[in-house]
Amino acid sequence: MIKIAPSLLSADFANMGETTSRLSDWGSDMVHFDVMDGTFVPAITFGPAMCKAIRAYTKLPIDVHIMVEHPETYIEQFKDAGADYLTFHVEADRHAHRTLQAIRKAGMKAGIALNPATPVEMVEYVLSICDLVLVMSVNPGAGGQSFIKEVLPKVEKLKALREKNGYNYEIEMDGGINEATSKLAAASGADILVSGNAVFKADDPKEMIAKMHLAKK
Ligand code: DX5
Ligand code: ZN
């Protein structure tokens, strides 16, 4: 079954602990944690201290997505904050290979993210040391945007490369995932779907996650 990772970016910031504690009951597979630095993207969200605070409220893996410049600077801080996955943007790092190695060395799963305009070829030579590849289906920086379907072939390509070369990474899609677009992402080969608005603004988040789980037949 496809994994669903609700994004806390769409949750009530004044009640993060309580919301996080519900995610498991809702059937979530992991918690997606969006870090923005006001430079790589214009918005500022939260950082390692918030990650550490919510760690106490769930046993689910915390999937940290850092939309920041100088991602290598934050590896130890997120490790100490209890992150399970740490995913940074290839566009923000001239030394992606070294950063991936350092994340693994720190004991986390190492992920690399691609903006909509960034081709798979940008990460082709580091795929052997990736635990996760995040294909952005919106421009990073905000929740509630529309799904960019033109990026779907990147998911297909990553799946084909994984098969051909025996790689082990999970393929994650993030941005504009709802009941309808979850089917497109799953059909292209995504393993993990991040969803912010569709889950948190749903009348029944549990039901919404259950529907998304069915995206992969
Ligand atoms: C966007 C974030 C996403 C966002 C998804 O910069 O990386 O994780 O929270 O939100 P929705 O599902 O509302 O597009
Ligand atoms: Zn994200």
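## The sheet

In this predicted model, an open sheet of 8 strands runs in the order 1-8-7-6-5-4-3-2, with parallel pairing. Strand 1 (3-6) and strand 2 (31-36) stand at the edges; each has a single partner strand, so one side of each lacks a neighbour in the sheet. From one strand to the next, the twist averages 25 degrees.

## Strand 4 and its enclosure

Strand 4 covers residues 85-89, and 5 of its 5 residues are buried, so the rest of the structure largely encloses this strand. The burial applies to both faces: Y85, T87 and H89 are buried on one side, and L86 and F88 are buried on the other.

## Pairing of strand 4 with strands 3 and 5

Strand 3 (residues 62-67) pairs with strand 4 in the parallel sense, over 4 bridges. Within this pairing, V64 has L86 of strand 4 as its bridge partner. The chain passes from strand 3 to strand 4 by way of helix 3 (residues 75-80), and this β-α-β crossover is right-handed.

Strand 4 also pairs in the parallel sense with strand 5 (residues 109-114), here over 5 bridges. T87 has G111 of strand 5 as its bridge partner. Helix 4 (residues 96-105) carries the chain from strand 4 to strand 5, in a β-α-β crossover that is right-handed.

L86 and T87 thus appear twice in this account: L86 is buried on one face of strand 4 and T87 on the other, while L86 is the bridge partner of V64 and T87 that of G111.

## From strand 5 to strand 6

Strand 5 and strand 6 (residues 132-136) are paired in the parallel sense over 4 bridges. In this pairing, I112 has V133 of strand 6 as its bridge partner.

The loop between strand 5 and strand 6 contains M122. The relative accessible area of M122 is 48%, which places this residue in the partly exposed class, since exposed residues are those over 50%. M122 and V90 are 32 residues apart in sequence, and their C-alpha atoms are 7.6 Å apart in space.

## The zinc site

The zinc ion (ligand 2) is coordinated by H32 through NE2, D34 through OD, H65 through ND1 and D174 through OD, at 2.1 to 2.3 Å. Around this zinc ion, 6 donor atoms subtend angles of 69 to 171 degrees, and the arrangement is therefore octahedral. The donor residues follow the sequence spacing H-x1-D-x30-H-x108-D.

Two of these donors come from separate strands: H65 lies in strand 3 and D174 in strand 7 (residues 170-174), so the pair ties together parts that are 109 residues apart in sequence. Both H65 and D174 are buried.

## Cysteines

A disulfide is a covalent bond between the sulfur atoms of two cysteines. The structure holds 0 disulfides. C51 has a relative accessibility of 0% and therefore counts as buried. C130 is likewise buried, at a relative accessible area of 1%, because the buried class covers values under 20%.

Notes:
Residues numbered from 1 in each chain as written. Chains lettered and ligands numbered in written order. Predicted model: local features only at pLDDT ≥ 70, side-chain atom pairs only at ≥ 80, totals over all residues. Heavy atoms only, no water. Buried < 20%, exposed > 50% of the residue type's maximum accessible area, 1.4 Å probe, protein only. Helix = DSSP H or I, 4+ residues; strand = E, 2+ residues; numbered from the N terminus. Pairing = 2+ DSSP bridges. Right-handed = clockwise from strand over helix to strand, strands pointing away. Disulfide = S-S within 2.5 Å. Donors = N, O, S within 2.8 Å, 3.2 Å for Na, K, Ca; no water. Tetrahedral: all angles 85-135°; square planar, octahedral: opposite > 155°, others 65-115°. Axes fitted to C-alpha atoms, helices over the stretch in contact; angles between N-to-C directions.
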